[in-house]
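Thank you all for coming. I would like to walk you through one model this morning, going from one chain to the other, and I will try to keep to what the coordinates themselves support.

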Amino acid sequence: MAKILLVEDDELVRDMLTQVLQRASHQVIPATNGEEATSLLRTEKPDIMVTDIIMPKKSGITLISEVKNRQPDLEIIAISGGGRLDPTGYLDLSETLGASVSFEKPIDNTALLMAIDLLIHGKRDKAATK
Amino acid sequence: MDGKNLRKEWLPFLVALTGIVLSAIFAHFLGYHIEAYLDLLDAIKHHLPWLSFVIGALISLLLAIITKTALLAKARTRSLDETNESLRKEISERAEVEESKQKLEVALRQGQKLQAIGTLAGGIAHDFNNILYAIIGYIEMARDDVDKESTVYKNLGKVLEATARGQELVSRILAFSRRQHHQHDVVNLRKTIEAALSLLRPTIPASVTIKFEPEIDPWILANQTQLHQIFVNIINNAVDAMDDEGQITIYLSRIPANDPLLKAFPANEAQPYCRIDIVDTGHGMDQPTMERIFEPFFTTKEVGKGTGLGLSIVHTIIKEHRGEISVESLLGRGAKFTILLPEQDHSEQQGEHHGQNTTG
């Protein structure tokens, strides 16, 4: 069980992912863009942030670099549909900036859930050794 | 203009006529008063040598003038001929320039079109991936909620299969819009072709023979996977064009930097190129098909058999490698694809890596 901040501008994908994550008994805080995510992060303390890259207002890239500065222990998963500006949707860049894992849409949700579990365990292990 | 011409034509006659008339008048007077003139001759007797010299000199001068005029006329004719010749040359040069300009424009338009479609395809692919992802996600959840033996479960499985096809299509579209993000290494072209052929052979009917005839063993700066893609696409097309029987021959040769063939392709550099000819004995194609063959989504195959992206991807890849591709074909006579790729000086570039693979 983890608290997940889900940042995704596409309503259908956001709703679907919320359901998928909730079914895996995670707690989901949905946000529609980077700006909303930033304001939510002031009050909420999620374990993981799953964010889209190409979004209106504040893009995932900006969001990741900001969050990584402010909350270095927040695990980040970047997801992107690719195309539009850059063929890979800046996934490699998002990893350089601090995303732990990145996925290209359409994502295998089982793999996404596994990645989330692994990150959570890693985090708990780290916390335990401290 | 007319008056001037008339004067030019009649002037010699006028001069001659005047001379003849004057001579006649002189002869006439001489005939009647010959005595008086002979007396006069006596008077000027001691001037005669002097006079004869003057007449001789005048005749010589006259001859000199005539010669000079003739020479001038000849020289003028020659310079006129030269001007004519250079004009003719200039006209043919202009025509050549015009022709190559037109070729360049066509090539440029084709390139721009492909680029524009690539950009568009990238945008579509992005949105499409979102849509597909939502569909897949919801269906998977719905399937979790129903009995695994139910029709609903099975039918939703079919929807998933359909989305998988959609996914494949999008990845092809993305492959088309993906341009500069491939790592280029110095690779051996001959070995790459051989590798691509050994990949292909098991998938090709036994009645189709493939021959590879390399004249050279060149190195080029390229992305190996993309090179494979080129040969796999073209050879698969050739196999499809042959209805399971025929021969595909691949020639590999070198074109020196100053080869006239290179002039047919705009925007290339003066350097040696590797030339690959892929010749098949298939049913060939007509001119309208040939003109559109590298356009994305253009296909002659029946629905579901081809996406129409294969050769446009080949085109994109070759452009990315600073190469050229052209096709020659006649309906019923097979087709020949000619690919030019810049040759790499292996000794200088070995092991050098260009760019980063960002396809993730």
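Let me begin with a definition, since the next number depends on it: a residue is called buried when its relative accessible area is under 20%. Please also keep in mind that this is a predicted model.

With that cut-off, buried residues account for 53% of the 130 residues in chain A. The chain has five helices and five strands, and read from the N terminus its elements follow the order β-α-β-α-β-α-β-α-β-α. If we take the contacts within chain A between residues at least 6 apart in sequence, 66% of them join residues at least 24 apart. About 5,900 Å² of chain A is exposed, and carbon and sulfur atoms supply 53% of that area.

Turning to chain B, I would like to start with its sheet. This is an open sheet of five strands with mixed pairing, in the order β2-β4-β5-β7-β6. Strands β2 (208-214) and β6 (324-329) of chain B stand at the edges, and because each has a single partner strand, one side of each is left without a neighbour in the sheet. From one strand to the next, the twist averages 15°. Within the sheet, β5 (residues 273-280) and β7 (residues 335-342) of chain B run antiparallel and are joined by eight bridges, and here B:Asp277 stands opposite B:Thr338 of β7(B).

Two helices should be mentioned alongside these strands. Helix α5 (residues 189-200) of chain B packs on the sheet, where it touches β2, β4 (246-255), β5 and β7 of chain B, and its direction makes about 170° with that of β2(B). Helix α8 (residues 310-320) of chain B, for its part, lies across β6 and β7 of chain B and runs at about 140° to β6(B).

Now to a single residue: is B:Leu132 buried or exposed? This leucine sits in helix α3 (residues 48-145) of chain B, and B:Leu132 is buried, because its relative accessible area of 5% falls under the 20% cut-off. Setting aside neighbours within four places in sequence, B:Leu132 is in contact with A:Pro106, and also with B:Thr163, B:Gly166, B:Gln167 and B:Val170.

Finally, the surface. B:Leu17, B:Val21, B:Leu22, B:Ile25, B:Phe29, B:Tyr37 and B:Leu40 form a nonpolar patch there, with about 650 Å² of accessible area together. Its largest share, five residues, comes from α1(B), while B:Leu40 is found in helix α2 of chain B.

Methods: Residues are numbered from 1 along each chain as its sequence is written. Chains are lettered from A and ligands numbered from 1 in the order in which they are written. This is a predicted model: local features need pLDDT of at least 70, side-chain atom pairs count only at pLDDT 80 or more; totals for chains, interfaces and linings use all residues. Side-chain values use heavy atoms; hydrogens and water are left out. Patches are made of residues with over 30% relative accessible area and no salt bridge: like charges are joined within 9 Å, nonpolar side chains (Val, Leu, Ile, Met, Phe, Trp, Tyr) within 5 Å. Accessible areas come from the Shrake-Rupley method with a 1.4 Å probe; for residues, only the protein chains shown count as cover. A salt bridge is a side-chain nitrogen of Lys or Arg within 4 Å of a carboxyl oxygen of Asp or Glu. Helices (H or I, at least four residues) and strands (E, at least two) are DSSP runs, numbered from the N terminus. Buried means under 20% relative accessible area, exposed over 50%, partly exposed in between (1.4 Å probe, protein chains only). Contact means heavy atoms within 4.5 Å. Two strands pair if DSSP finds at least two bridges between them. Axes are lines fitted to C-alpha atoms, for helices over the stretch in contact, and angles run from 0 to 180 degrees between N-to-C directions.
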